[in-house]
Amino acid sequence: MAERYEDLPHRLLRRRVRDIASGIEGELMAVINEDVSNSIHSRWVELAYIRGPSGREFSTAVDNVEPAELHPGQRT
């Protein structure tokens with residue numbers, strides 16, 4: 001049985017990012033090339049997993065991830 005996912009490197013791993021689709025900011029925990037198909041035909045998608053302010057992680061398309069801007073007074 002083939003693997004259904006593969007970890008990918010990303011320049012923003014472990015950094016504060018924003019999901020442009022939802023506007024939610026959090027820490028980029030992983031980028032995964034994942035087979036999201038439920039059939040015998042593979043459908044690979046690059047997903048970004050972001051840990052939001054609640055502590056829960058959510059996924060979004062990797063193209064929706066951008067660095068979060070620091071607000072005045074925030075530390076780097």
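Glu-6, Asp-7, Glu-46 and Asp-63 come together on the surface as a patch of negative charge. Keep in mind that this is a predicted model. One member of that patch, Glu-46, also turns up among the contacts of Thr-60, so those two residues get a closer look below, after which comes the chain as a whole.

**The charged patch and Glu-46**
- Glu-46 sits in strand 4, which covers residues 44-51.
- Its relative accessibility is 40%, so Glu-46 counts as partly exposed; the buried class stops under 20% and the exposed class starts over 50%.

**Thr-60**
- Thr-60 belongs to strand 5, made of residues 57-61.
- With a relative accessible area of just 9%, Thr-60 is buried, because buried means under 20%.
- Skip the neighbours within four places in sequence, and Thr-60 touches Asp-19, Glu-46, Leu-47, Ala-48, Ile-50 and Val-65.
- Ile-20 lies 40 residues away from Thr-60 in sequence, yet the C-alpha to C-alpha distance is 9.3 Å.

**The chain overall**
- There are 6 strands and 0 helices here, so reading from the N terminus you get β-β-β-β-β-β.
- The chain has 76 residues, and 29% of them are buried.
- Of the contacts with a separation of 6 or more, 44% are between residues 24 or more positions apart.
- About 5,700 Å² of the chain is exposed, with carbon and sulfur atoms supplying 47% of that area.

Conventions:
Residues are numbered from 1 along each chain as its sequence is written. This is a predicted model: local features need pLDDT of at least 70, side-chain atom pairs count only at pLDDT 80 or more; totals for chains, interfaces and linings use all residues. Side-chain values use heavy atoms; hydrogens and water are left out. Patches are made of residues with over 30% relative accessible area and no salt bridge: like charges are joined within 9 Å, nonpolar side chains (Val, Leu, Ile, Met, Phe, Trp, Tyr) within 5 Å. Accessible areas come from the Shrake-Rupley method with a 1.4 Å probe; for residues, only the protein chains shown count as cover. A salt bridge is a side-chain nitrogen of Lys or Arg within 4 Å of a carboxyl oxygen of Asp or Glu. Lys and Arg count as positive and Asp and Glu as negative; His and the chain ends are not counted. The place of a charge is taken as NZ of Lys, CZ of Arg, CG of Asp or CD of Glu. Helices (H or I, at least four residues) and strands (E, at least two) are DSSP runs, numbered from the N terminus. Buried means under 20% relative accessible area, exposed over 50%, partly exposed in between (1.4 Å probe, protein chains only). Contact means heavy atoms within 4.5 Å.
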